[in-house]
Amino acid sequence: MRLPRWLRWRSNSELEEEFQAHLDLETQANIERGMSPEEARFAAHRTVGNLTLMAENARAADPFGWLQGLRQDFRYGLRNMLRSPGFTGIAVLSLALGIGANSAVFSLLNRMVFRPLPVLHPNQVLSANSVSGTEVAPAFSYPNYKDFRDRSRSVSGMIGYRIAPMAMSRGGSNAQLWGYMVTGNYFEVLGVKAAIGRTITSADDVHAGGHPVIVLSYGCWQRRFGSDPNIAGQTIRINGMNFTVLGVVPREFRGLELFYAPEVYVPLAMVKVIEPGNNWIDSRRAGNLSIALRLRDGVTARGAEAELNTVAAALGREYPTDNEGMRISLCPPGLAGAYLRGSVIGFTGVLLGVTGLVLLIACTNLAGLLLARASDRRKEIGIRLALGAGRARLMRQMLVESLLLSSAGAGAGLLLAWWLTGLLAAWRPPINIPLDLSSGIDIRVLLFTCVVAVVTAVLFGLLPSMQATRTDLQSALKNAVGRGARQWPMRDLVVTLQVALSVVLLAGSILVLRSLENAMTVHLGFEPRGAAIVSFDLGLHGYDETRGRAFLHRLTQKLSGLPGISAALADRVPLGLDFSRMGIVVEGQPVPKAADIPLAFSYDAAPGLFAVMQTKLLAGREIQEGDRPGVPRVSVINQAFADRFLPRTNPLGKRFKYGSASKDWRTVVGVVEIGKHFSLSESHEPAVWDALGQDYSSQITVVARSPLAEQETLNAIRRAVLDLDPQISFYQSSTLADHLRMPMLPANLAASVLGSMGMVAMLLAAVGIYGLMSYHVARRSREFGIRAALGARPADLVNTSLRRAAFLLGCGVVAGLALATAIGPLYSAVLYNINPRDPVLLGAAAVLMIAIGLSACAAPARRAVRVDPSVALRSE
Amino acid sequence: MPPDPETDRIQLLQGTLDLLILQTLVFGPCHGHGIAVAIQRTSEEALLIDHGSLYPALQRLEQSGLIDSDWGTSENNRRARFYRLTRAGRARLTAETGKWEKMVRAVSLILNARKQEAP
């Protein structure tokens with residue numbers, strides 16, 4: 001078999017053999033001409049000339065000879081790497097840290113932005129958002145969904161879905177399941193086929209309450225049903241009703257929300273069973289449904305958006321009380337429409353920027369080390385230049401060495417990224433919603449890592465290789481210190497840059513740590529320590545309003561009998577993922593357009609809630625026993641509500657209602673302090689507490705406080721609930737402090753990730769400065785020796801050696817501060833209540849950097865003082 | 001690739017040397033040394049082949065598919081690489097020979113014309 005011509009380059013040994021044969025033939029011919037064997041060989045060598053040169057020339061004629069050279073370079077590079085394992089280890093480790101962190105963050109970004117959803121033609125699928133004021137959220141009502149679906153011409157299908165918890169009972173045990181309620185066309189529009197059985201179809205979503213069918217996710221089928229192949233057709237009990245399992249969806253399909261891992265899908269027609277007592281499905285004003293759509297072929301997102309807005313305008317004219325002013329915007333699906341998209345991608349972007357900076361610092365560090373090594377290799381390089389090696393060839397060889405280092409770093413970095421993403425996927429958030437944070441390493445991540453590796457190699461390798469091959473031959477061969485002076489500015493620049501970048505990162509870490517501290521001590525409007533909560537939904541366990549009220553009455557009595565524990569009921573507590581907001585219309589004030597009615601957080605409270613939560617009552621009274629059905633509805637508002645809706649008057653006794661269509665006026669009877677309701681970064685959000693006795697809620701949270709350990713309090717209230725009905729399953733059961741871990745998450749995450757990045761940067765910078773100073777002192781040891789011999793005092797020597805380092809450090813810190821000030825606003829996405837240009841915090845970063853830099857100089861400076869003149873002078 | 005002064009010189013000779021190699025191989029496969037000796041001998045020692053530039057030329061010709069090579073046994077029973085003409089090489093030889101003859105004719109016409117004018 002013959003190889004293709006371009007693959008058939010000659011190996012060295014082949015060429016050598018061919019030339020040797022040539023030489024022998026020439027010798028033979030000479031002998032035949034009558035020369036002595038000795039003479040013949042000499043003559044042959046003379047005619048043939050330099051064998052090595054011949055081989056070189058022959059190779060040069062081979063258009064693929066450079067491959068051979070490259071192989072040589074790789075072998076030589078590998079040998080070099082193995083010869084100095086310490087340097088190689090440090091280089092590979094710091095690159096692995098930098099590249100690994102980048103790959104891990106990129107894999108997250110990849111999942112959110114680049115990887116297509118496992119649906120048919122994913123780029124046709126978009127998420128719809130309703131825009132009102134500054135708020136953009138995927139929140140629609142079911143009647144509006146139906147109108148949009150039926151009137152829009154630019155979409156080939158429109159689906160609605162809603163995340164919903166439900167209770168499954170099977171074999172005597174209860175479990176809380178998280179799933180989706182979906183419109184009947186959901187799977188059809190997304191183009192998802194069942195892995196087993198069939199999916200929900202439009203025929204399964206026609207009559208309200210008439211389609212008790214359910215589709216399982218692959219994971220649910222595996223975990224809860226032991227991968228039973230005959231699952232289709234079986235019956236399971238959901239919220240006390242029998243549902244028939246239609247089938248199982250493919251493993252990779254998890255709905256449209258990227259980080260939510262639903263277990264089941266139920267037709268929206270079953271909403272009254274899934275969410276008993278909740279009547280949003282018929283209300284045109286509700287915002288409980290997410291909408292996604294598939295564009296018709298050839299329609300652009302912009303075109304569809306324009307058309308949907310004309311539909312929205314028409315709906316606004318037809319139903320002005322609910323829809324006036326409604327606008328629609330479209331965005332890629334996956335992160336709760338546009339609601340989380342900005343902040344999540346912003347956070348990941350900041351993360352990528354920070355890891356990029358760390359990598360850049362690692363690069364400057366390596367560039368510094370390589371520059372130092374390059375000057376140690378001056379002699380070797382000088383010899384090779386003298387022997388006729390081309391500069392380009394030498395640079396190529398050094399770049400190959402850099403590439404080897406960065407490839408090793410990238411390899412180790414991928415392992416690190418793999419570990420990090422595994423860690424993230426296994427991480428359980430402090431709530432019981434099934435999240436799926438796995439991001440995985442796919443081909444795009446690999447490609448990204450390769451590109452990063454090559455770019456890094458060029459970044460840290462190019463400069464040193466250019467420097468090294470610009471050697472002055474004479475002094476290099478004599479190994480004289482000579483005109484190395486030209487190398488200094490470059491090395492200085494590298495260190496200055498490194499210090500500057502480290503200051504930026506350090507400032508970032510200090511900012512996020514301070515921000516975390518702020519978040520932890522922020523005034524919440526209640527006291528989390530010492531309290532515990534349990535939440536459950538009576539509707540999921542077959543209670544209607546009458547039975548529910550009776551249950552709550554008995555529960556209140558039982559709770560009041562618990563020794564040493566004060567407890568109260570509410571529908572929910574602030575700062576959970578589950579919240580409710582209502583449009584506020586105040587008596588005697590003009591009613592704005594439906595879309596512009598301002599919202600307030602709304603809760604139901606039973607007597608004693610504010611005392612248990614330790615929320616300060618500023619005026620009026622709490623909710624009381626007497627606030628029952630039949631008497632005028634009362635509410636307690638917070639100060640922000642008063643400031644916003646009832647400014648410059650006494651709010652007590654004023655009336656308001658929820659939405660312009662409502663007839664239920666509520667009288668303000670009390671005012672409490674301002675607190676946090678949705679996120680820690682909000683300020684002055686208006687909030688309202690209605691009387692639980694007047695507005696029944698099937699969703700109940702028991703809040704309890706006692707001097708006991710929080711866990712004991714928690715156990716006591718759990719027992720109290722289960723004593724009354726052992727069937728009840730809690731969807732939340734934790735201390736109130738643990739409840740806050742979710743809202744604290746962004747600040748926590750930012751502090752831990754950015755904080756550790758800052759530490760890494762600091763460490764790298766310290767290593768860099770230490771390396772530079774050590775090298776500096778070693779190079780000048782002879783000079784120091786002479787100075788010492790001439791009577792310089794140790795202090796003078798320390799001064800001499802430190803002056804330069806201190807100067808560079810100063811320059812770097814100033815540049816870093818300028819840079820940090822310039823890019824500061826980019827950080828605000830992850831900061832809570834902090835000015836990213838806070839001079840005190842930036843100053844702290846600067847001081848910290850200077851301290852670290854100077855301490856990194858200490859050891860080399862000490863070495864400078866200890867130089868023994870007699871040794872130093874004799875060393876060369 | 002670093003530019004190599006040696007390669008420059010080869011390129012000057014290239015056309016001619018390539019032509020001579022191809023012509024030599026018309027009589028059958030031959031190894032490098034044999035080609036050099038044959039050219040020298042046929043030209044009555046007028047053309048001295050630089051052995052150093054022979055192999056790059058062979059390499060180039062092989063790369064462009066004009067000749068092909070295989071290991072064989074030389075007359076003194078050593079392993080040697082034998083080169084032989086390919087079909088493409090034969091065609092090239094005919095074309096190049098034609099061109100060469102044209103050029104020689106043209107150059108000698110000019111040189112002869114000068115000789116006549118000179119006196």
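Me: Where in chain A does Leu575(A) sit?
Reply: We're looking at a predicted model here. Follow chain A past strand E13 (566-570) but stop before strand E14 (581-586). Leu575(A) is found in the loop between E13 and E14.

Me: Is Leu575(A) buried or exposed?
Reply: Its relative accessible area is 3%. Buried means under 20%, so Leu575(A) is buried.

Me: What is the phi of Leu575(A) near?
Reply: Leu575(A) is a residue other than glycine, yet its phi is positive. The value is near 70°.

Me: Which loop holds Ser227(A), and what is its phi?
Reply: Ser227(A) is in the loop between H8 and strand E7 (235-238) of chain A. At 30% relative accessibility, Ser227(A) counts as partly exposed. Ser227(A) isn't a glycine, but its phi is positive, at about 55°.

Me: Which residue of helix H8 forms a salt bridge with Glu263(A)?
Reply: The side chain of Glu263(A) meets its partner with N to O at 3.0 Å. Glu263(A) lies in the loop between strand E8 (241-248) and strand E9 (264-267), and its partner is in helix H8 (residues 218-225), 40 residues apart from it. That partner is Arg223(A).

Me: In that pair, is Glu263(A) buried or exposed?
Reply: Arg223(A) has 59% relative accessibility and counts as exposed. Glu263(A) has 6%, and the cut-off for buried is under 20%. So Glu263(A) counts as buried.

Me: How far apart are the closest N and O atoms of Arg198(A) and Asp204(A)?
Reply: Side chains of opposite charge can pair when their charged atoms come close. Arg198(A) counts as partly exposed at 38% relative accessibility, while Asp204(A) counts as buried at 8%. The two form a salt bridge, and their closest N and O atoms are apart by 2.9 Å.

Me: How many residues apart in sequence are the parts tied together by Glu673(A) and Lys616(A)?
Reply: These two side chains meet in a salt bridge, 3.8 Å from N to O. Glu673(A) lies in the loop between strand E19 (666-672) and strand E20 (687-691), and Lys616(A) in the loop between helix H19 (609-613) and strand E16 (617-620), so the pair ties together parts whose separation in sequence is 57 residues.

Me: Is Glu673(A) buried or exposed?
Reply: The relative accessible area of Glu673(A) is 10%. With buried meaning under 20%, Glu673(A) is buried.

Me: Which residues do salt bridges that share partners join into one network?
Reply: Here, salt bridges share partners, and that sharing links the residues into one network. Its members are Arg633(A), Asp664(A), Arg666(A), Asp690(A) and Asp695(A).

Me: How many salt bridges does a search of the whole structure find?
Reply: Pairs we've already met include Arg198(A) with Asp204(A) and Glu263(A) with Arg223(A). Searching the whole structure, over all chains, the total is 23.

Me: Which residues form a positive surface patch, and is Arg83(A) buried or exposed?
Reply: The patch is formed by Arg71(A), Arg75(A), Arg79(A) and Arg83(A). Arg83(A) has its place in helix H4 (residues 65-83) of chain A. Its relative accessible area is 57%, and exposed means over 50%, so Arg83(A) is exposed.

Me: Which residues does Asp442(A) touch, not counting residues up to four places away in sequence?
Reply: Asp442(A) is in the loop between helix H14 (391-426) and helix H15 (443-468) of chain A. At 16% relative accessibility, Asp442(A) counts as buried. Leaving out residues up to four places away in sequence, Asp442(A) touches Asn110(A) and Arg115(A).

Me: How far apart in space are Arg237(A) and Pro212(A), C-alpha to C-alpha?
Reply: Arg237(A) lies in strand E7 and counts as partly exposed at 38% relative accessibility. Among the residues Arg237(A) touches are Ala167(A) and Met168(A). Pro212(A) is 25 residues from Arg237(A) in sequence, and in space their C-alpha to C-alpha distance is 9.7 Å.

Me: What percentage of the residues in chain A is buried?
Reply: Chain A has 27 helices and 22 strands. It exposes about 38500 Å², with carbon and sulfur atoms supplying 60% of that area. Of its 876 residues, the buried ones make up 52%.

Methods. Residues numbered from 1 in each chain as written. Chains lettered and ligands numbered in written order. Predicted model: local features only at pLDDT ≥ 70, side-chain atom pairs only at ≥ 80, totals over all residues. Heavy atoms only, no water. Patch = residues over 30% accessible without salt bridge, like charges linked within 9 Å, V, L, I, M, F, W, Y side chains within 5 Å. Areas by Shrake-Rupley, 256 points an atom, 1.4 Å probe, with all protein chains shown as cover. Salt bridge = Lys/Arg side-chain N within 4 Å of Asp/Glu carboxyl O. Lys, Arg positive; Asp, Glu negative; His and termini not counted. Charge placed at Lys NZ, Arg CZ, Asp CG, Glu CD. Helix = DSSP H or I, 4+ residues; strand = E, 2+ residues; numbered from the N terminus. Buried < 20%, exposed > 50% of the residue type's maximum accessible area, 1.4 Å probe, protein only. Contact = heavy atoms within 4.5 Å.
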